[in-house]
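Trainee: I would like to learn how to read a protein model feature by feature, moving from the whole chain to single residues. Could you take me through one?

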Amino acid sequence: MRVQFTILSFLLLNLIITIIHPQSKWIVQAQLIPAKFDGFVYGNPKKFNPESILIEAFFDPVCPDSRDAWPPLKQVLHLYGSKVSLVVHPFPLPYHDNAFATSRALHIVNELNSSATYPLWESFFKDQNKFYNSETSSMTRNEILDHIVDFVTKSVGHAYQSDVKSGFSDRKTDLKTRVSFKYGCSRGVYGTPAFFVNGFPLPDVGSPVDYNGWRKVIDPLVSSKREYEYM
Ligand SMILES: *[C@@H]1O[C@H](CO)[C@@H](O)[C@H](O)[C@H]1NC(C)=O
């Protein structure tokens with residue numbers, strides 16, 4: 001009887017807490033919120049202009065379609081200048097064996113020298129075949145990690161070799177990479193490349209957008225006369 005009473009009062013207490021604090025659910029979820037917005041700002045982050053058109057791109061460093069999407073995107077960024085900003089989020093696809101480690105390398109390098117982040121994206125894109133599943137299938141995890149550390153060091157400079165290596169044992173860089181993945185999931189990303197413009201998704205996830213495709217999307221937005229025409 002006493003035991004039953006204890007259980008009953010415990011359940012009652014829980015019910016009361018849930019009624020009084022309906023937001024307690026959100027407190028748990030808030031623990032997933034990172035201290036800083038995910039992703040890498042293209043150009044100088046200090047010059048990031050919140051009034052500009054924001055492109056968010058989700059790329060996997062070892063995905064061929066992400067690689068093919070980068071040159072035309074870079075070209076349109078240079079065309080529009082300060083009118084358009086870009087944030088790239090790493091999105092490691094689970095069926096690419098080295099996607100998480102290479103995405104983590106980007107977070108490691110971003111901490112060491114943020115200006116080296118985009119050059120490293122480009123190095124990965126240029127030589128991503130070295131990290132395809134088939135190329136690394138007979139290597140151990142440690143061999144692959146050494147391979148990635150060597151590769152990254154070549155891109156960012158030999159002075160960083162030990163920092164790059166120790167970055168892979170730093171739990172913080174693991175968590176940052178998980179945040180990138182979870183952020184993509186929270187936006188409904190399921191393939192790469194995936195693009196959002198001012199928060200709205202572009203169709204055809206998984207296909208690169210070419211130069212003319214970008215012009216069709218961005219041109220109407222930069223001409224202020226037509227700003228609200230479609231609303
Ligand atoms: C940081 O990276 C940029 C771009 O690769 C390079 O020009 C610069 O020298 C690097 N800075 C340091 C301190 O290594």
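Mentor: We shall go through the overall make-up, then the helix pairs, and then some single residues.

Mentor: Please keep in mind throughout that this is a predicted model.

Trainee: Then let us begin with the whole, where I would ask how many helices and strands there are in the protein, and what share of its residues count as buried.

Mentor: The protein has 10 helices and 5 strands, and of its 231 residues 29% count as buried. A further overall view comes from the contacts between residues at least 6 apart in sequence, of which 78% join residues at least 24 apart.

Trainee: How should I read a pair of packed helices, and at what angle do the axes of helix 4 and helix 5 cross?

Mentor: Angles over 145 degrees count as roughly antiparallel. The axes of helix 4 (residues 99-112) and helix 5 (residues 117-126) cross at roughly 155 degrees and come within 9 Å, and the two helices are therefore roughly antiparallel to each other. Their crossing is right-handed.

Trainee: Which residues of helix 4 and helix 5 make the contact, and how do they divide by class?

Mentor: On the side of helix 4 the contact is made by T102, L106, V109 and N110, and on the side of helix 5 by T117, L120, W121 and F124. By class, this contact of helix 4 with helix 5 has 5 nonpolar and 3 polar residues, with no charged ones.

Trainee: And at what angle do helix 3 and helix 10 pack?

Mentor: Angles under 35 degrees count as roughly parallel. Helix 3 (residues 64-80) and helix 10 pack at about 30 degrees, with their axes 9 Å apart, and that makes helix 3 roughly parallel to helix 10. The crossing of helix 3 and helix 10 is right-handed. In this contact P72, L73, Q75, V76 and Y80 of helix 3 meet Y211, W214, R215, I218 and V222 of helix 10, and the residues divide into 8 nonpolar, 1 polar and 1 charged.

Trainee: Taking one residue from that list, is Q75 buried or exposed?

Mentor: A residue is exposed if 12 or fewer other C-beta atoms lie within 10 Å of its own. Q75, which is found in helix 3, counts as exposed because it has 12 C-beta neighbours inside 10 Å. The C-alpha atoms of Q75 and D210 are separated by 9.8 Å, although these residues are 135 apart along the chain.

Trainee: Let us turn to helix 9, where I would ask what span its 16 residues should have, and which of its residues are buried.

Mentor: At 1.5 Å a residue, the 16 residues of helix 9 (residues 171-186) should span 22 Å, and this agrees with the end C-alpha atoms, which are 22 Å apart. The buried residues in helix 9 are T173, K176, T177, V179, S180, F181, Y183 and G184, and what covers them includes strand 2 (53-59), strand 3 (84-90), helix 4 and helix 8 (161-167). Helix 9 is followed by G188, which has a positive phi, near 80 degrees.

Trainee: Strand 2 has just come up, so to speak, and F58 lies in it; is F58 buried or exposed?

Mentor: F58 counts as buried because it has 27 C-beta neighbours inside 10 Å. Leaving aside neighbours within four places in sequence, F58 is in contact with H89, F91, G184, V189, T192, P193 and A194. For one of these, H89, the C-alpha to C-alpha distance from F58 is 4.8 Å, while the two residues are 31 apart in sequence.

Trainee: What should I look at in the backbone itself, and which peptide bond is cis?

Mentor: The omega angle is the place to look, and the peptide bond from T192 to P193 is cis, with omega near -5 degrees. P193 lies in the loop between helix 9 and strand 4 (194-197).

Trainee: Where does N198 lie, and where does D204 lie?

Mentor: N198 lies in the loop between strand 4 and strand 5 (200-201), and has a positive phi of about 45 degrees although it is not a glycine. N198 is exposed, with 10 other C-beta atoms within 10 Å. D204, in the loop between strand 5 and helix 10 (211-222), is likewise not a glycine and has a positive phi of about 65 degrees. With 13 C-beta neighbours inside 10 Å, D204 counts as partly exposed.

How values were computed. Residues are numbered from 1 along each chain as its sequence is written. This is a predicted model: local features need pLDDT of at least 70, side-chain atom pairs count only at pLDDT 80 or more; totals for chains, interfaces and linings use all residues. Axes are lines fitted to C-alpha atoms, for helices over the stretch in contact, and angles run from 0 to 180 degrees between N-to-C directions. Helices (H or I, at least four residues) and strands (E, at least two) are DSSP runs, numbered from the N terminus. Angles under 35 degrees count as roughly parallel, over 145 as roughly antiparallel, 65 to 115 as roughly perpendicular and the rest as oblique. A crossing is left-handed if the near helix is turned anticlockwise from the far one by less than a right angle, and right-handed if clockwise. Two residues are in contact if their C-beta atoms, placed from the backbone, lie within 7 Å. Ala, Val, Leu, Ile, Met, Phe, Trp, Tyr, Cys and Pro count as nonpolar, Asp, Glu, Lys and Arg as charged, and the others, Gly among them, as polar. The expected span of a helix is 1.5 Å times one less than its number of residues. A residue is buried if 20 or more other C-beta atoms lie within 10 Å of its own, exposed if 12 or fewer, and partly exposed in between; C-beta atoms are placed from the backbone.
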